[in-house]
Amino acid sequence: MDYLKIVKESLPELTDARIHYEGSKIVVYTRNKNFFLTQNEKIREIVEKIKKRIEVRIEPDTLPPTDETISKIKEIIPPEAEISDIYFEPDFSKVTINVRYPQIAIGEQGEIVRRIKKETFWIPLVQRVATPKSNHVEVIRKTLYQSSKYRKRFLNSIGKKIYLTDPKETKYLRILSLGSGREVGRSCFLMQTPNSNIMLDCGLSTGATGEDQYPIIPPDFDIDSLDAIVLSHAHLDHCGFIPYLYKMGYKGPVYCTEPTRELAALLQVDTIQLTQKEMGKSLYTSSDVKKMIKNVIPLKYKEVTDITSDVRLIFENAGHLLGSAISHFNIANGKINLIYTGDIKYSVSNLLDPAFTQFLRCEGMIIESTYGGPNDLTPRLEDAEKEFISIIEKTIKRGGKVLIPSFAVGRGQELMVILEKYNIDVPIYIEGMIYDASAIHSTYPKYLAYNLQKQIIEENKNPFESKRFIHIASYREREQVLSDEKPYIVIATSGMINGGPIIEYLKKFGSDKKNTLIFVGYQAKGTLGNKIQQGYKEVELSNGEKIEINLEVKTLDGLSGHSDRKQLLNFIGHLKEKPKRILVNHGEPSKALNLAGAINKIFGIESYAPMNLEAMRFL
Ligand SMILES: [Zn+2]
Ligand SMILES: [Zn+2]
């Protein structure tokens, strides 16, 4: 359908209008400032008719100069908002204002932003600066500003592809499993209709070696035919392979939330550094990560977006990780609706609200099963928290140190929020990457649990900025901490002890039974973490070095970012509409199969745990 023509014909008064696509959005450029300021009603009517988003902007060459605009913005925004910097993207007629306190800069019901628009004609976007300061967030934002021209062209080409093709009738929907079939790791599905080839996640398998680390790419797979990648969240088992696709020539978009973009890039760059150090080479480089960042089309929860001619996408909160999303695919105008949960947590945590269940339509579903086994029942959060604190107190009392291996993203921040609540009288060290990830959390508070969000935005009490936590940013600082004789707590990566600074702490403190190691997340088979959890008294690093394990080892299940068996079944039970068919993935074989059986027995829904390379037809 030629929507541009419809918009053009609906706006006869705008003789100079330049109309084009920007992804799934339609953008109208004009020199008519009066229309720009008063067009609301007219535009709303067109939006109602064609059900597409439309944005009106002033032609860049008609906008006031940037220095003049900066003075005006500084005049309008109250100083208490603390402006840090202002960026212009003339190609989008957009000005981004980075501030410490966005709610002050935006004003009551957006009143200040509206005033900026009215007085400068630029489209203002107010963004929160990362606090504590994060170089990572700054680099990503700079990459985006600097590639403004490229993004303009890219978004336009995507829009043309979505709307100007002559779609075939959507006669089938086929899901092909390329990873995470009866295993935890390398999540990857290919979703195909006669018009679309969409990849759902594309991750690596932590703990696996050789080819088994990567999704299985079938020989007839053609990267040029891939229309889009939809990324559920930033963990490497979901996003770790994406930069490699760019390296191999993929030129299309990745749809994800803004925090997922930031966190994914952080973890990808880290994995490059880690494998470089260990193997002397890496699968891809940071320039491939950059290619991905430039091609991300960020979506907010509940925002409806056409991603191909017959697939519409809506993200909802998954409760698993900052920015994690359940993907709701509306296919062929609602002919069928498929829900891909990604990883979900259907229960409250300190960090995030429980996963969304109120989908209006849902005929098919893909659900994870990490803790889907019959014995996977995790304790209540309050009990887990109490046990966590009691283990720490006991260790401190006997003069020991507490080592907590943690994913940089998610568990690390959950632990920080818990530790902030209790008064523990020893230093708490936070290793570098966990600290960066915390900054991303406070940059996007709207993705956090309602209460935490309120605390950060309204009361200005940010646990991630608490003085209680000491940031270890360099090798030297780590050396100092390692030689400290007194009790302390350290939270360090990696979460499964397959690399990262936690290894240094384990080497130094692993042999002394005064110390304690607390596992707070999933330990995949083959990782050092898994071996230690099973009770190995000695483990071997990849370089052959041996570590004696004599310290106390504890596992806390209640702090996991995954749903346990009961929560997974509750999630299905609380769905507004029950799917007719469910695929179970992201679980060890026995757990995936057992959960599929239970879903069938309890809800009478046809369920199956596919193996990799199995294809299922939904339509
Ligand atoms: Zn995850
Ligand atoms: Zn996962």
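H235 and D343 are both buried in this predicted model. The two residues belong to distant parts of the chain, 108 residues apart. H235 sits in the loop between β10 (228-230) and α9 (236-239), while D343 sits in the loop between β16 (336-340) and β17 (364-368).

**The zinc site**

Both residues serve as donors to the zinc ion (ligand 1), H235 through ND1 and D343 through OD. The remaining protein donors are H233 and H320, each through NE2. The donors lie 2.1 to 2.3 Å from the zinc ion (ligand 1). Along the sequence, the spacing of the donor residues follows the pattern H-x1-H-x84-H-x22-D. The angles among the 4 donor atoms range from 91 to 167°, and the site of the zinc ion (ligand 1) is irregular. Why is the site irregular rather than tetrahedral? A tetrahedral site requires all angles to lie between 85 and 135 degrees, and the range at the zinc ion (ligand 1) reaches 167°. D343 has a further role in the arrangement, as a bridge between the zinc ion (ligand 1) and the zinc ion (ligand 2). These two ions lie 3.4 Å apart.

**Strand β15 and its neighbours**

Strand β15 spans residues 325-331, and 7 of its 7 residues are buried. On one side of β15 the residues A325, S327, F329 and I331 point outwards from the strand; I326, H328 and N330 point the other way. The residues of both groups are buried.

Strand β15 pairs with strand β14 (residues 311-317) in the antiparallel sense, through 7 bridges. Within this pairing, H328 of β15 stands opposite I314. The pairing of β15 with β16 is also antiparallel and extends over 5 bridges; here F329 has L338 of β16 as its bridge partner. Strands β15 and β16 form a hairpin with 4 residues between them. In the turn of this hairpin, A332 has a positive phi of about 50°.

**The parallel sheet and its helices**

An open sheet is formed by 6 strands in the order β20-β19-β21-β18-β22-β25, with parallel pairing. Strands β20 (469-472) and β25 (552-555) stand at the edges with a single partner strand each, so one side of each has no neighbour in the sheet. From one strand to the next, the twist averages 20°.

Inside this sheet, strand β18 (residues 402-405) pairs with β21 in the parallel sense over 4 bridges. The bridge partner of P405 in β21 is A492. Helix α17 (residues 475-482) packs on the sheet and touches β19 and β20; its direction makes about 125° with that of β20. Helix α15 (residues 432-443) lies across β19 (428-431), β20 and β21, and runs at about 85° to β19.

Which residues of α17 are buried? They are R478, V481 and L482. Seen down the axis of α17, these buried residues fall within an arc of 100°, so they line one face of the helix. They pack against β19, β20 and α18. The face turned away from this buried side carries the exposed residues R476 and Q480.

**Backbone geometry in loops**

Most residues other than glycine have a negative phi, and most peptide bonds are trans. The table lists departures from this pattern.

| Location | Feature | Value |
|---|---|---|
| T131 and P132 | cis peptide bond | omega about -5° |
| T493 and S494 | cis peptide bond | omega about 0° |
| R186 | positive phi | phi about 35° |
| L613 | positive phi | phi about 80° |

P132 is found in the loop between β6 (123-128) and α7 (135-146). S494 belongs to the loop between β21 (489-492) and α18 (502-509).

R186 is placed in the loop between β7 (174-179) and β8 (188-192), and L613 in the loop between β27 (606-608) and β28 (615-617). Is R186 buried or exposed? R186 counts as buried because its relative accessibility is 8%, and the limit for burial is under 20%. L613, by contrast, is partly exposed, with a relative accessible area of 45%.

Definitions and conventions:
Residues numbered from 1 in each chain as written. Chains lettered and ligands numbered in written order. Predicted model: local features only at pLDDT ≥ 70, side-chain atom pairs only at ≥ 80, totals over all residues. Heavy atoms only, no water. Buried < 20%, exposed > 50% of the residue type's maximum accessible area, 1.4 Å probe, protein only. Donors = N, O, S within 2.8 Å, 3.2 Å for Na, K, Ca; no water. Tetrahedral: all angles 85-135°; square planar, octahedral: opposite > 155°, others 65-115°. Pairing = 2+ DSSP bridges. Axes fitted to C-alpha atoms, helices over the stretch in contact; angles between N-to-C directions. Contact = heavy atoms within 4.5 Å. Arc of directions from axis to C-beta.
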